[in-house]
Amino acid sequence: MALYEHVFLARQDLSQAQVDALAASATEIVEANDGKVIKTETWGLKSLAYKIDRNRKAHFVMLNIEGPGSLVAELERQNRINEDVIRWLTIAVEEHEDGPSAMMRKNDRDKKRRSDREERN
């Protein structure tokens, strides 16, 4: 089975519960097409470099997927249909990263820096 990383951006006006529901529906699509989701990470609401469909921010979600190539085609087809998903990217990888992704490590590092600054004041 091939390994993939699938990242999608959801509209900024969605609640966190709706974003989690989008991730759950993506997981259902993967499992319905003989694949499995190894890990799901929600990176949160982040600013975009440029406006996409009048959105300045988006909710970022990453899925580590194991499955056949036809699964990716179906997942991307469903993303195209869904109005809440504004962008997505799926890449094939040699192996999945152990532990948190680079984006999650960056969030932890930023939180630590903020708390260090607050302690100095």
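Let's start with histidine 59 and its neighbours. Leaving aside residues up to four places away in sequence, histidine 59 touches Phe8, Leu9, Ala10, Arg11, Gln12, Leu14, Gln16, Val19, Gly44 and Leu45. Keep in mind, please, that this is a predicted model. Histidine 59 belongs to strand 3, residues 55–67. Is histidine 59 buried or exposed? Its relative accessibility is 6%, so histidine 59 counts as buried. The side chain also has a polar partner: one of its polar atoms is 3.0 Å from the backbone oxygen of leucine 14.

Let me step back for a moment to the whole chain. There are three helices and four strands, and from the N terminus the order of elements is β-α-β-β-α-β-α. Along the principal axes, the C-alpha atoms fill a box of roughly 55 × 35 × 25 Å. The protein chain has 121 residues, and 38% of them count as buried. As for contacts, take those between residues at least 6 apart in sequence: 75% of them join residues at least 24 apart.

Now to the strands, and to strand 1 in particular. Strand 1 covers residues 2–11, and eight of its ten residues are buried, so the rest of the structure largely encloses this strand. Which strands does strand 1 pair with? One is strand 3: the two run antiparallel and are joined by ten bridges. If you'd like a pair to look for on screen, tyrosine 4 has isoleucine 65 of strand 3 as its bridge partner. The other is strand 4, residues 85–93, again antiparallel to strand 1, with eight bridges between them. Here you can find glutamate 5 standing opposite isoleucine 91 of strand 4.

On to helix 1, residues 16–32. A quick check of its length first: at 1.5 Å a residue, its 17 residues should span 24 Å, and the end C-alpha atoms are indeed 24 Å apart, so the two values agree. Which residues of helix 1 are buried? They are Val19, Leu22, Ala23, Ala26, Thr27, Ile29 and Val30. Looking down the helix axis, you'll see these buried residues fall within an arc of 160°, so they line one face of helix 1. A reminder that helps here: an α-helix has 3.6 residues a turn, so residues three or four places apart point the same way. Ala17, Glu28 and Ala32, on the other side of helix 1, are exposed.

And what do the buried residues of helix 1 pack against? Their partners are strand 1, strand 2 (36–52), strand 3, helix 2 (69–81) and strand 4. We have already met one of these residues, since Val19 is buried in helix 1 and is among the residues that histidine 59 touches. Just past the end of helix 1, have a look at aspartate 34, which takes a positive phi of about 65°.

Last topic: charged pairs. Side chains of opposite charge can pair when their charged atoms come close. How many salt bridges does the count come to? The count is four. Arginine 11, another contact of histidine 59, is a good place to begin. Its side chain meets that of aspartate 13 in a salt bridge, at 3.3 Å from N to O. Arginine 11 has a relative accessibility of 26%, so it counts as partly exposed, while aspartate 13 is exposed, with a relative accessible area of 53%.

Arginine 11 also meets aspartate 84 in a salt bridge, at 2.8 Å from N to O. That pair links distant parts of the chain, 73 residues apart: arginine 11 is in strand 1, and aspartate 84 is in the loop between helix 2 and strand 4. Aspartate 84 is partly exposed, at 21% relative accessible area. Put together, Arg11, Asp13 and Asp84 are linked in a network of salt bridges.

One more pair before I hand over. Lysine 39 forms a salt bridge with glutamate 41, and their closest N and O atoms are 3.5 Å apart. Are these two residues buried or exposed? Lysine 39 has a relative accessible area of 19%, under the 20% cut-off, so it counts as buried. Glutamate 41 is buried as well, with a relative accessible area of 7%.

Conventions: Residues numbered from 1 in each chain as written. Predicted model: local features only at pLDDT ≥ 70, side-chain atom pairs only at ≥ 80, totals over all residues. Heavy atoms only, no water. Buried < 20%, exposed > 50% of the residue type's maximum accessible area, 1.4 Å probe, protein only. Polar contact = N/O pair within 3.5 Å; in protein donor to acceptor, adjacent residues only side chain to side chain. Contact = heavy atoms within 4.5 Å. Pairing = 2+ DSSP bridges. Expected span 1.5 Å × (residues − 1). Arc of directions from axis to C-beta.
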